[in-house]
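Colleague: Got a minute to go through this one with me? I'd like to start with the ligand.

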Amino acid sequence: MPELEVDHEASFKLKEEFKRLTVSQFKQEKDIHVTNLLWCLEKAARRIDNPQEEKPNRYMVEGTLAHLDLEPIIGALFGEGKVVTREKKIRWRGIVGTIDLMIDGIPYEIKTNATGRVNDTYLEQLSSYLIFTQAPYGKLVVRWLPRDFNTTDTEYHIDVYTYRPLREHLDEWVNTLTFRRDTVKASIRTGEHVPLEDINRKFFECGSCIYAKLGCPYAIKGRY
Ligand code: SF4
């Protein structure tokens, strides 16, 4: 009998569990989610009227796994003796938000990032949750991943931010969110594509988008 052999059954079980945990994060639903309104609105509309099996890319899978690790740690560390809710679902004017953590009424958004800078979409997401919950501020936790895993830097690169936007900023964001929601709804109702000027597509999105393969007229071709 070899000293070391793969336990196929246990490996399979673990892989299936990882798959369940990560793929469930990309499950398509009939609701309009905040996260869909931060990116390409054509994709947001088609995800609802023409749902397809979407495969997360490697970066998304690793990010999701890191995220799942962080939630209970942060909840235990900052939520001692407080009310902690993980994955809290909130509905606001026909938009659904799932808040990573609510600790004593304060929304926490957890991100994993390899670019080294806070993305605008993180703050847009947190602004949405502040509007939905009426919380006075939110917390953003960013775990910075190295771009080079051979680095000898062994520091833990993680930052916690307090986000307290101005009232005017939140009012502006209410208008943007409702406009995007109405744009997506209109596209679903009429079957027309989202007008190109309203699409809010980021330059890299088409590269991993299933609708590019299905003939989206707006798909940007090439390398990403
Ligand atoms: S292919 Fe590009 S433009 Fe079309 S839905 Fe996907 S991300 Fe949006």
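Colleague: Which helix gives the largest share of the shell around the ligand?

Modeller: Helix 2 does, with three residues. Keep in mind that this is a predicted model.

Colleague: How many residues surround the ligand, and which are the closest?

Modeller: There are 13 around the ligand, and the closest are Cys40, Cys206, Cys209, Ala212 and Cys216.

Colleague: Which helices supply at least two residues each of that shell?

Modeller: Helix 2, spanning 41-49, and helix 6, spanning 210-213.

Colleague: And how does the shell split into nonpolar, polar and charged?

Modeller: Eight of the shell residues are nonpolar and five are charged, with no polar ones.

Colleague: OK, let's zoom out. How many helices and strands are in the protein chain?

Modeller: Six helices and six strands. Reading from the N terminus, the order is α-β-α-α-β-β-β-α-β-β-α-α. The C-alpha trace spans about 65 × 45 × 30 Å along its principal axes.

Colleague: What share of the residues counts as buried?

Modeller: 23% of the 224 residues in the protein chain. As for contacts with a separation of 6 or more, 65% of them link residues 24 or more positions apart.

Colleague: Switching to the strands: how do strand 2 and strand 3 run, and how many bridges join them?

Modeller: They're antiparallel, joined by eight bridges, with strand 2 covering residues 84-92 and strand 3 covering residues 95-103. One of the pairings puts Arg91 opposite Val96 in strand 3.

Colleague: What about the turn between strand 2 and strand 3?

Modeller: The two strands make a hairpin with two residues between them. Arg93 sits in that turn and has a positive phi of about 45°.

Colleague: Now the inside. Which residues touch the most other members of the largest nonpolar core?

Modeller: Ile74, Leu101, Tyr108, Tyr129 and Val141, out of 15 residues in that core. Strand 3, strand 4 (106-113), helix 4 (120-133) and strand 5 (138-144) each supply at least two of its residues.

Colleague: Which element gives the most to this core?

Modeller: Helix 4, with six residues.

Colleague: And Ile74, what is that residue in contact with, leaving aside neighbours within four places in sequence?

Modeller: Leu101, Tyr108, Ile110 and Val141.

Colleague: How many residues are in the second, separate core?

Modeller: That one has 12, including Val34, Leu38, Leu177 and Val184. As background, nonpolar side chains tend to be buried together in soluble globular proteins.

Notes
Residues numbered from 1 in each chain as written. Predicted model: local features only at pLDDT ≥ 70, side-chain atom pairs only at ≥ 80, totals over all residues. Helix = DSSP H or I, 4+ residues; strand = E, 2+ residues; numbered from the N terminus. Buried ≥ 20, exposed ≤ 12 C-beta atoms within 10 Å, placed from the backbone. Contact = placed C-beta atoms within 7 Å. Near = placed C-beta within 6 Å. Nonpolar A, V, L, I, M, F, W, Y, C, P; charged D, E, K, R; others polar. Pairing = 2+ DSSP bridges. Core = buried A, V, L, I, M, F, W, Y, C linked by C-beta atoms within 7 Å.
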